[in-house]
Amino acid sequence: MSKASHLPLAAVAAAALALAGCAGSKPAAMAAAPPAPPVLTTPAAPVPDPVVKGVGLDLTGMDTSVNPCDDFYHYTSGSWMKNTPIPAAESGWGSFNILAEHNNATLRTILDESAQQASTAAKGSNLQKVGDFYAAAMDSAAINKAGLKYLQPHLARIDAVKDLAGMQRLLADPTVSLGGAWFNSYVSPDDKISSQYAVQFGQGGLTLPNRDYYLDGDARSKSIRAAYQTYLVNTFKLLGEFDAAAKAHAATVMRMETRLAKASKKPVDLRDPYANYNKLTVAQANKAFPNLNLPLMLKAEGLGTAKEVIVGQPAFFKEVSAMLKAEPLLDQKTYLRWHLTSSLMGALPQQFGDEQFRYSQVLSGAKQQQPRWKRMLRSTDGALGEAFGQIYVEKAFSPAAKARAKEMIENLRTAYAERINATDWMSAATKVEAIKKLNAFAVKIGYPDKWKDYSALTITRTSYLNDVLAARAWSTKDNLKKFGKPIDRTEWGMTPPTVNAYYNPGMNEIVFPAGILQPPFYDPKADDAVNYGGIGAVIGHEMTHGFDDQGRQYDAQGNLKDWWTKEDGEKFTARAAVVGKQFDAYSPLDSVHVNGKLTMGENLADLGGLTIAYQAFEKTPQAKEQAKLDGFTPEQRFFLSWAQVWRSNMRPEATRMRILTDPHAPNQFRTIGPLQNMPEFYKAFGCQDNAKMVRAQADRAKIW
């Protein structure tokens, strides 16, 4: 809707596997002589077997001076971590980044060729749009020369607002982009009636990563707020304000966003799907939030037939309604000017982008700004991802890779059913429903069966800023037109090149873009141990999201519905709490601890995913034959693959931000957390009970 470009469902975002900037390494060339295998409890054979070389593990990145039973993370990747600096323009570096770089090289070639061919391509074709969008984005000279020319009409529309009624009309206009100001709204499936679309409203309107950055009193938070204040002041100066006015406007934005932050829910509280599902009639919502004028908004957006809306956080919207009435109109317009401008920094003269980067440095620790081509590639992917994604999959994703991924998914589905049926804590009635949900998982691999239709979107080389706003308006309209129609189960929440995966509880689907179905996650040349420890664990991770603390609350049809017996639900919660306690104890930096509640879903998915992938791997011929490769048993290679996928180096600034904002724990703990609960790991490496990687039996977590 008009307040922000359509985002994937919150639950989808929460279930996503990992953010860009997570961890790991691309497989390096095999060493001439592999490191000695770990010392096991069984005596070595008098005459060692000849070492058969394998594919897929980075042997040179290991540090075999470390005992795998004491610190498996550094054992598997210590040398890589020591010898792999974080690039100056990055906040962290690992396998997700390296694979993304590989994909980016392909995508850049596609975009450069599209830009060259766009002038002779059929007008309105995907090639013309992709080529002209990227060409306009890369023309920094034209952007600098244009100055504020293309921004001014949009600022003028904000300045023209004279009263509350005018503000309501502005907020209601679906063609107007306000850069995420005030709140988020969109059309998506109703959590409790997954066969119908519903109008949804959720909290938003902040620039800093979340509410805590405005309210926490520690030195780090204060320094970030100071950097943000400088960013605000300097941006208002670039918009033509004198120093005093720029400072006053900056203070206004900070004051209003802090007020919104105080009314916002904490990230952990946003994880409760029932607490964030509040269905109201339009009349009830209009009475509760009178100054939003929801009837006007719904009518303007073509949603006039809607009888109900779902409001995620009613207390937040009461505060927004109060602010629309009480806050001086000039202050509201200042706030809107900031959000519009800050959402378009890459489309404005270079000084704007430089200011944005200086602020972001304080959050991420990056030393340099990423090259423009990389930033504009991401912009093009966001605006037209399925248009040039079609070209990407032709070049980078084979039908054989898709077929192999499908086979592995079905193998893991079988293994998951076995684990569910073997649980000793779940009743027969709940097991029946769990198997029903598992069997109902829809699977999407590589790319959509039906591509988005961009024919209604007009893109030219005249103005990158106008292209960005046109793409936002198109995306808003594309989202709004779903209302009242059957659920589109072909839609994807990620573009094909994305190095990620997700589970969508409302659709009960697991989705694996082509971008992640490549080394080191999946390597067609590698043995099953490597692939099951990599992409197999990823598949199992997404499946387990269907049964984590959030996903388990949705049934086989994707409805928010309790299908557990009361006793089984309590047993699950108790077992999950063990995982939460384990992660609460992890500390990546002094005085900084992982939040076991915020990261609960991802931690449960890692533990379940690795457990299921191991069970599926044990059925393979490789596991049954027990032949060694690179001096390691099949089981050892499985766990080595898992750990090397997650290895990473990360700047302390980025680590702190991740702890506060990300539902994923730092990669070191994602790696060792599941292993410390798995007797299969202890056995593979001959770990004794007193080893650091071995938890006392009473402290281990076991769910599936």
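**Exercise 1. Two helices side by side**

Show that α9 and α15 are roughly antiparallel to each other.

*Solution.* Before starting, some housekeeping. This is a predicted model, where local features need pLDDT of at least 70, side-chain atom pairs count only at pLDDT 80 or more, and totals for chains, interfaces and linings use all residues. Residues are numbered from 1 along each chain as its sequence is written, and side-chain values use heavy atoms, with hydrogens and water left out.

Step 1: find the elements. Helices (H or I, at least four residues) and strands (E, at least two) are DSSP runs, numbered from the N terminus. That puts α9 at residues 219-238 and α15 at residues 350-364.

Step 2: get the geometry. The two axes come within 9 Å and cross at roughly 175°. Here axes are lines fitted to C-alpha atoms, for helices over the stretch in contact, and angles run from 0 to 180 degrees between N-to-C directions.

Step 3: classify. Angles under 35 degrees count as roughly parallel, over 145 as roughly antiparallel, 65 to 115 as roughly perpendicular and the rest as oblique. So α9 and α15 come out roughly antiparallel.

Step 4: look at who touches whom, with contact meaning heavy atoms within 4.5 Å. On the α9 side you'll find R220, S223, I224, A227, Y228, Y231, N234, T235 and L238, and they meet Q351, F352, E355, Q356, Y359, V362 and L363 in α15. Sorted by class, that contact has nine nonpolar, five polar and two charged residues. (Nonpolar covers Ala, Val, Leu, Ile, Met, Phe, Trp, Tyr, Cys and Pro; charged covers Asp, Glu, Lys and Arg; the others, Gly among them, are polar.)

Step 5: check A219, which is also part of α9. A219 is exposed, at 62% relative accessible area; the scale is buried under 20%, exposed over 50%, partly exposed in between, with a 1.4 Å probe and protein chains only. Its C-alpha atom is separated by 39 Å from that of M138, 81 residues apart along the chain.

**Exercise 2. A crossing pair**

How are α3 and α4 oriented relative to each other: roughly parallel or roughly perpendicular?

*Solution.* Step 1: α3 spans residues 95-117 and α4 residues 126-138, and their axes come within 7 Å, crossing at roughly 100°.

Step 2: α3 and α4 are therefore roughly perpendicular to each other.

Step 3: list the contact. R108, L111, D112, S114, A115 and Q117 from α3 meet L127, V130, G131, Y134 and A135 from α4. The class tally for this contact is six nonpolar, three polar and two charged residues.

**Exercise 3. The sheet**

Work out the strand order of the open sheet containing β2, and where β2 sits in it.

*Solution.* Step 1: recall the basics. Strands of a sheet pair through backbone hydrogen bonds, either parallel or antiparallel. Two strands count as paired if DSSP finds at least two bridges between them.

Step 2: the open sheet has four strands in the order β2-β3-β5-β4, with mixed pairing. The edges are β2 and β4 (279-281), each pairing on one side only. From one strand to the next, the twist averages 35°.

Step 3: zoom in on the edge. Eight bridges join β2 (residues 183-190) to β3 (residues 193-203), and the two run antiparallel. Bridge partners include P189 with Y197, and N184 stands opposite G202. The two strands form a hairpin with two residues between them.

Step 4: β2 is an edge strand, yet eight of its eight residues are buried.

**Exercise 4. The disulfide**

Which parts of the chain does the disulfide tie together?

*Solution.* Step 1: search for cysteine sulfur atoms within 2.5 Å of each other. The count comes to one disulfide: C69 with C687, S to S 2.1 Å.

Step 2: the torsion about the S-S bond is -85°, which goes with a left-handed link.

Step 3: place the ends. C69 lies in the loop between α1 (10-15) and α2 (72-83), and C687 in the segment after α27 (679-684), so the pair ties together parts that are 618 residues apart in sequence. Both C69 and C687 are buried.

**Exercise 5. Backbone oddities**

Where in the chain do N293 and N508 lie, and is each one buried or partly exposed?

*Solution.* Step 1: N293, not a glycine, has a positive phi of about 50°. N293 sits in the loop between α11 (282-288) and α12 (294-300) and is partly exposed at 22% relative accessible area.

Step 2: N508 also has a positive phi of about 50° without being a glycine. N508 belongs to the loop between β7 (502-504) and β8, and at 0% relative accessibility it is buried.

Step 3: for a bonus, check omega. The P519 to P520 peptide bond is cis, with omega near 5°, and P520 is in the loop between β8 (509-513) and α20 (528-545).
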